[in-house]
Structures are given as structure tokens and as C-alpha cells.
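New to this one? Here is a quick briefing to read alongside the sequence and the 3D view.

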Amino acid sequence: MAKLRTRKHKVVFARSRSGDLGITVILAILGVFMALPMYYCIIQAFKPLDELWMFPPRFYVVAPTGKNFKDLFTLMSGNMVPFSRYIFNTVFTSFAGTLGHLLFASLAAYALAKIKFPGGKLMFKTVQTSLMFHQTVTALCSFILMSALGMVDTYWAIIVPAWGSTLGLYLMKQFMESNVNDSVLESARLDGAGEFKTFWVIAMPMVKPGWLTLIVYSFQGLWNQGSSIYIHSEQLKSLNYAIGQITAGGIRRAGASAAATVVMMLVPILVFVVSQSNIIETMGSSGMKD
């Protein structure tokens, strides 16, 4: 009888060591290939203008410089609105929109997944249907609604639509159905826990990979949001919009544009790196059944 291979006291697939090595090499090559665009964006930010326009493009820097970042912040400081104001607008709307989206999506998902009530299935069908429509299609209706509520040209015009995004609700509902055991919730209720306490203390820790994934998706969307049809005042514009306007000055601002690309992608990458292990767990377990 063949002896099972183990690693860290766990049985692993019965592959040969050469097979494991081959798979590792293939994955390493694919990983390097997928990381190339990010690497290229970073080195572009440190190239002087003469290297930026070389053809064919180089994947290395001959004379690295920080002048592109200096030019970017010089251009930003020359605006009528302080650079710090654009940063505050983006940070505030990203955090407020993400936290609200997480809370409301999780509460609604818990109700749809674990509480039986009339019309629950119809509501979830409506949520599924809403995923078919891109926000561009619903932009006119959304603007009319925001205008009627007096939210145009305010932070609420960015935050409230993020709270009502149905993608997070769909993700959390599916994850709660597959990872939260009904018997555990029933035990908590028998012990005297209220419904909200059961949700917060029992259900939410069990779906931690799910809501961390939701945080990454929601934060990335809000952070990278550029021009908005709801915001007219320059004082409320996002950092992405401001950088886009400044770096749209043609060839002479190509270096500042490359530096701006790196600045804008740093924060979403940091958020992803912090929670990547839980995101991978989400992708691996979302299709499994008890």
C-alpha cells in the first residue's frame, strides 16, 4: 500500500515532488507576468521625460529621478483648492461609504439568509435583477432622485449610493447561507440573545472573509471614483478628478501623470495586502457546501 504524503501533519495530493516543482514554476511565471503592469507603472513614475518616450519602452530606469512626484505636488499646490481638501474628500467618502455599505449589506443579507419572512425570496430576486443593470443605465433616474432629496452637490450624493449597492448584499447573503450554521444561531436565541446581538456576535465573525472582501471592493470603487454627475463644487471634488485635470496638460506633464498613477494605486493595494489572506479564503470557500 502506497504511503500517503503529508505536509505539516496534513495529507496532500499524491503528486510527485517533480510535479509539485513544475506547478510551482508555472505559478511563479504566471505571477511575474501578472505583476508586470504594476511594476511598469512604478518604474514609469521614476523615469525622466526623455526615458518616458523611448521606443521600444524599457522595463528599467537608467537615471531614476523623483522630479515627477515633485512636479505633481507643485501642480496640485497651485490649484485654487488646497491639495489637502481633495485628499480629505476622497478619504472621507471612501471610508464613510465603505463602512455604511458593509453595515447595511450585512444586516440585509442576514435577514434574507437567516430569517424567514413573507416576500423574502421576491426581494432577493429583485436584488439579483438589479445586478444586471450598470450604473450608467440608471444614472438619469439616480440623478432625479438625488435632486429631489436635495443631495446633489453634497457628500451624501457619493455616500448614499454606495450604501445601497446590491453587489455587497448579494455577496454577503450567499456567504452567510454557506458559512453560518442555523443551529448556532438558534442556540444563541435560546440563551436569550437578541436578534441584533446574534447577528453581531455570532454571524459576523463567522463571515469575516466575506466582509473583508466587501471592504476591498467597495473601498477600491470609491477611492478610484473620478468625475461625478452629482458633484459640481470644486471644494467637493475627489483626488482622482483633481489629478486627472492637472495631468491632462499633454506631453510636458507625462511625468507627473505617471507619478499620479502610483499615488492613486498605493492605498487600494495596501488595503488588499492587509486583508489578502481572508480574501483568498473567501474565493476558496464560497463554492463549498456543508
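What follows covers the empty spaces, then one lysine and one helix.

This is a predicted model, so to speak of local features a pLDDT of at least 70 is needed, side-chain atom pairs count only at pLDDT 80 or more, and totals for chains, interfaces and linings use all residues. Residues are numbered from 1 along each chain as its sequence is written, and side-chain values use heavy atoms, with hydrogens and water left out.

**The cavity**

- The structure holds one cavity of 30 Å³ or more; a cavity is a set of points, on a 1 Å grid over the protein atoms alone, where a 1.4 Å probe fits but cannot get out.
- The largest cavity comes in at about 150 Å³, where a volume is the space filled by probe spheres set on grid points joined across faces, edges and corners.
- It has 14 lining residues, and T93, I158, Q225, L236 and S238 are the closest to its centre; lining residues have an atom within 4 Å of a point.
- Helix α4 (residues 83-114) gives the largest share of that lining, three residues; helices here are DSSP runs (H or I, at least four residues), numbered from the N terminus.
- Sorted by class, the cavity lining has five nonpolar, eight polar and one charged residues. Ala, Val, Leu, Ile, Met, Phe, Trp, Tyr, Cys and Pro count as nonpolar, Asp, Glu, Lys and Arg as charged, and the others, Gly among them, as polar.

**The pocket**

- The largest pocket offers about 1,200 Å³ of space; a pocket is an open set of points with protein on both sides within 12 Å along at least five of seven lines.
- Its lining runs to 34 residues, with Q135, T138, P161, A162 and S165 the closest to the centre.
- Helices α6 (139-148), α7 (156-163), α8 (166-179) and α11 (208-223) each chip in at least two lining residues.
- By class, the pocket lining has 18 nonpolar, 16 polar and no charged residues.

**K47**

- You'll find K47 in the loop between α1 (17-44) and α2 (49-52).
- K47 counts as buried because its relative accessibility is 1%; buried means under 20% relative accessible area with a 1.4 Å probe, protein chains only.
- K47 and P64 sit 17 residues apart in sequence but 5.5 Å apart in space, C-alpha to C-alpha.

**Helix α6**

- α6 is hardly covered, with one buried residue among its ten.
- After α6 comes G150, whose phi is positive, near 75°.

Conventions: Buried means under 20% relative accessible area, exposed over 50%, partly exposed in between (1.4 Å probe, protein chains only).
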